[in-house]
Amino acid sequence: MSDRRCRILVVEDDVEMAEQLLESLEGDGYAVKLARDMSSGLDEARSREYGVLLIDRLLPDGDGVEMIRVLRDEQQNTPVLIASALGEIDDRVRGLRAGGDDYLVKPFAFAELLARVEALARRSESVVKETVLRVGDLELDLLSRRARRRGRDIGLLPREFRLLEFLVRNQGHVVTRAMLLQHVWDIHFDPMTNIIDVYVSRIRRKVDSNEDSPLFQTVRGVGFCIRAAG
């Protein structure tokens with residue numbers, strides 16, 4: 001069941017679709033705010049905290065993917081569900097790579113929409129008890145969302161930090177690509193791309209580059225593992 005305190009920002013310019021979204025979400029107990037273009041959506045997303053952002057791709061003043069990219073560059077980590085008529089594989093991959101957490105192709109069943117929003121809302125409202133995670137000499141500060149290794153700052157994008165956090169939380173255990181898709185991207189289908197390998201390779205370079213004791217391990221045909229040396 002949805003948390004009735006959760007606020008949802010809907011960025012959708014189609015009048016009929018917007019009315020249906022508001023009716024469905026409000027009927028499920030969410031507090032919903034509507035923005036009809038990218039500019040007002042950005043202003044609203046910056047003005048208050050939301051549990052989930054629901055963003056269309058084809059907006060009057062730009063592509064919703066660009067809105068997501070701007071928010072992620074500003075370290076805005078609110079979960080994003082993209083709902084768009086653009087449903088080709090390349091379209092979905094572009095949305096996810098820009099920082100979207102899930103992608104729903106129009107037309108869709110509103111029951112599925114509500115289930116996906118609920119999953120993202122649970123993630124948004126989860127309580128993190130730890131403030132610092134460590135594996136070997138790598139340290140993740142969950143409050144500042146910063147990573148350091150032996151005092152060296154490691155610059156990570158929001159999605160990279162989330163992926164590294166998931167690996168560190170599961171340190172010593174092999175994490176499969178399917179697990180990363182589900183827990184970092186919150187998607188349950190195979191996008192048929194090497195996006196996981198690209199992200200892991202990029203983070204591995206940032207964490208293990210010029211280090212005598214690499215933390216990352218690849219288990220061929222299975223997945224990835226991070227563990228302290230020794």
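Helix α6 (residues 158-169) and helix α7 (residues 177-184) cross at roughly 125° in this predicted model, and their axes come within 10 Å. That angle is neither under 35 degrees nor over 145, and it falls outside 65 to 115, so α6 and α7 are oblique to each other. The crossing of α6 past α7 is right-handed.

Which residues in α6 and α7 meet? On the α6 side they are R159, R162, L163 and F166, and on the α7 side you will find M179, L180, H183 and V184. By character, this contact divides into five nonpolar residues, one polar and two charged.

Now for the other helix pair. Helix α2 (residues 38-47) packs against helix α3 (residues 64-73) at an angle of about 30°, and their axes lie 10 Å apart. Because angles under 35 degrees count as roughly parallel, α2 is roughly parallel to α3. Here, α2 passes α3 in a right-handed crossing.

From α2, the residues M38, G41, L42, A45 and R46 take part in the contact; their partners in α3 are E66, M67, V70 and L71. Sorted by character, the contact of α2 with α3 has six nonpolar residues, one polar and two charged.

Here are the two pairs in a table.

| Helix pair | Angle between axes | Distance between axes |
|---|---|---|
| α6 and α7 | roughly 125° | within 10 Å |
| α2 and α3 | about 30° | 10 Å |

The angle between the axes and the distance between them are what describe two packed helices.

Methods: Residues are numbered from 1 along each chain as its sequence is written. This is a predicted model: local features need pLDDT of at least 70, side-chain atom pairs count only at pLDDT 80 or more; totals for chains, interfaces and linings use all residues. Side-chain values use heavy atoms; hydrogens and water are left out. Axes are lines fitted to C-alpha atoms, for helices over the stretch in contact, and angles run from 0 to 180 degrees between N-to-C directions. Helices (H or I, at least four residues) and strands (E, at least two) are DSSP runs, numbered from the N terminus. A crossing is left-handed if the near helix is turned anticlockwise from the far one by less than a right angle, and right-handed if clockwise. Contact means heavy atoms within 4.5 Å. Ala, Val, Leu, Ile, Met, Phe, Trp, Tyr, Cys and Pro count as nonpolar, Asp, Glu, Lys and Arg as charged, and the others, Gly among them, as polar.
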